[in-house]
Amino acid sequence: MKLHFSITAAEELREKRGGRYVLYSVCLEGFLLGKARYSQLRRWDAQLRQLFGSAVPSFPPKFYLSMTKSMAHERRSQLEQYLQNVTLDSNITNSDAFIGFFRKLQQVTSCEMGLPRELIKYFSLFFFQDHDDRALSVVKKVADFELPYVSLQSMKELHCKLGIRKWYMDPSLDRLLMDCRASLNLLYMQAIQEVKKNWLTPTEGQMQELELLQKNANKSKLLELIRETRFYGYVRLDPCICDYPEEGCSADIYVGNNEINCCIKLPTNQTKEVSFKINRLKSWQVTFLAGTEEGEDTLEFRFEYNDSGTWQWIILYTKQAFLLSSCLKKMISEHMMKADKGPEVESKMPESMKNSEKSSIQQKQAFHLGFISRKRFLVRPNEDDSVFEKIREEDL
């Protein structure tokens with residue numbers, strides 16, 4: 001499954017002996033993951049090539065002469081493309097060589113979830129933002145090889161917090177976790193939080209029952225009831241701008257239950273609820289657009305959708321485009337698991353879904369996931385955003 005890597009900056013630094021080298025800022029889903037030199041990446045590529053041979057994509061060649069600006073830009077683009085392509089093979093991304101490299105890049109630490117080993121896969125760490133209006137934003141999912149504490153240092157200006165949430169889109173999977181006290185408690189705390197943050201929309205009667213069950217600490221019964229409430233099991237995104245049914249509309253987005261549910265506010269101040277079903281979705285793409293005047297990057301999420309027999313592109317402008325992409329991939333993955341077609345979803349997967357009779361996704365439907373990096377390239381000397389210099393030994 002392709003990961004959204006990008007190289008957003010390159011710093012030219014001087015070694016103690018007087019030589020010069022370039023330090024690349026490697027980002028995952030738009031956030032700084034770590035910094036690496038070309039030589040480090042080259043050694044890592046050699047290690048992967050020993051293990052996986054021709055499955056590893058070609059690595060940018062070494063220059064033996066001084067690099068010009070155009071050569072430096074070309075190398076940055078090639079390294080970025082390499083990082084994206086090397087993640088297409090799940091055997092590589094699941095290997096110790098792959099995970100170990102990025103853990104070493106971020107300085108090794110660990111995080112215990114307190115769950116039985118067989119249940120850990122149902123949960124993940126996420127970065128959150130709490131807003132003054134009590135709204136809760138999920139910024140991004142923490143990658144398996146990502147070190148949360150170090151990533152938090154690179155996201156200080158966002159005032160993020162770290163939390164654990166279930167990581168599946170099918171609410172029926174809750175039943176697999178109900179017999180374990182640790183997982184039951186995690187599901188219960190997440191459900192209570194989502195009610196308080198208005199992610200869910202229970203009826204008045206359901207709300208009264210939920211309050212009574214919470215008062216009596218009846219966690220199992222509460223989780224059984226809350227599965228009946230609207231938008232349970234969905235991920236709610238922050239309000240964003242969309243071009244459907246016309247440009248300039250604002251929308252509240254919920255992702256789950258095999259749909260992207262949009263409550264759209266029209267220019268006439270009327271609201272329209274639209275459900276985009278994943279079985280009518282052909283492809284999607286995340287694009288970094290040019291930065292705003294305030295220096296912020298804009299993310300565009302566009303998907304190709306069959307509306308009444310006609311394919312059209314629908315665009316959402318949201319900072320949570322990568323999170324939305326991850327949710328779609330997860331839903332499709334769970335569809336395929338139900339159809340006994342394997343646990344992994346590739347970026348392109350028409351063949352694996354053509355002959356599935358169990359899945360509700362239409363036969364011969366192909367899913368294509370794309371990622372386009374930003375058009376501009378930033379090269380700057382920067383000594384202030386070094387994550388590791390600000391970490392004390394007792395923090396690790």
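Me: What places Arg75 over the face of Tyr38, and at what distance from the ring centre?

Reply: Arg75 lies 3.7 Å from the ring centre of Tyr38, over its face. A charge sits over a ring if NZ of Lys or CZ of Arg is within 6 Å of the ring centre and within 35 degrees of the ring normal. This is a predicted model, in which local features need pLDDT of at least 70, side-chain atom pairs count only at pLDDT 80 or more, and totals for chains, interfaces and linings use all residues. Residues are numbered from 1 along each chain as its sequence is written, and side-chain values use heavy atoms, with hydrogens and water left out.

Me: Why is the pair of Tyr122 and Tyr168 called edge-to-face?

Reply: Rings of Phe, Tyr and Trp (its six-membered ring) pair if their centres lie within 6.5 Å; planes under 30 degrees apart count as stacked, over 60 as edge-to-face and the rest as tilted. The centres of Tyr122 and Tyr168 are 6.0 Å apart and the planes stand at 85°, so the pair is edge-to-face.

Me: What makes the pair of Phe276 and Phe303 edge-to-face?

Reply: The angle between the planes is 70°, with 5.2 Å from centre to centre; planes over 60 degrees apart count as edge-to-face.

Me: Why does Phe276 count as buried or exposed?

Reply: Buried means under 20% relative accessible area, exposed over 50%, and partly exposed in between (1.4 Å probe, protein chains only). Phe276 has 2% relative accessibility and therefore counts as buried. Phe303, at 0%, is likewise buried.
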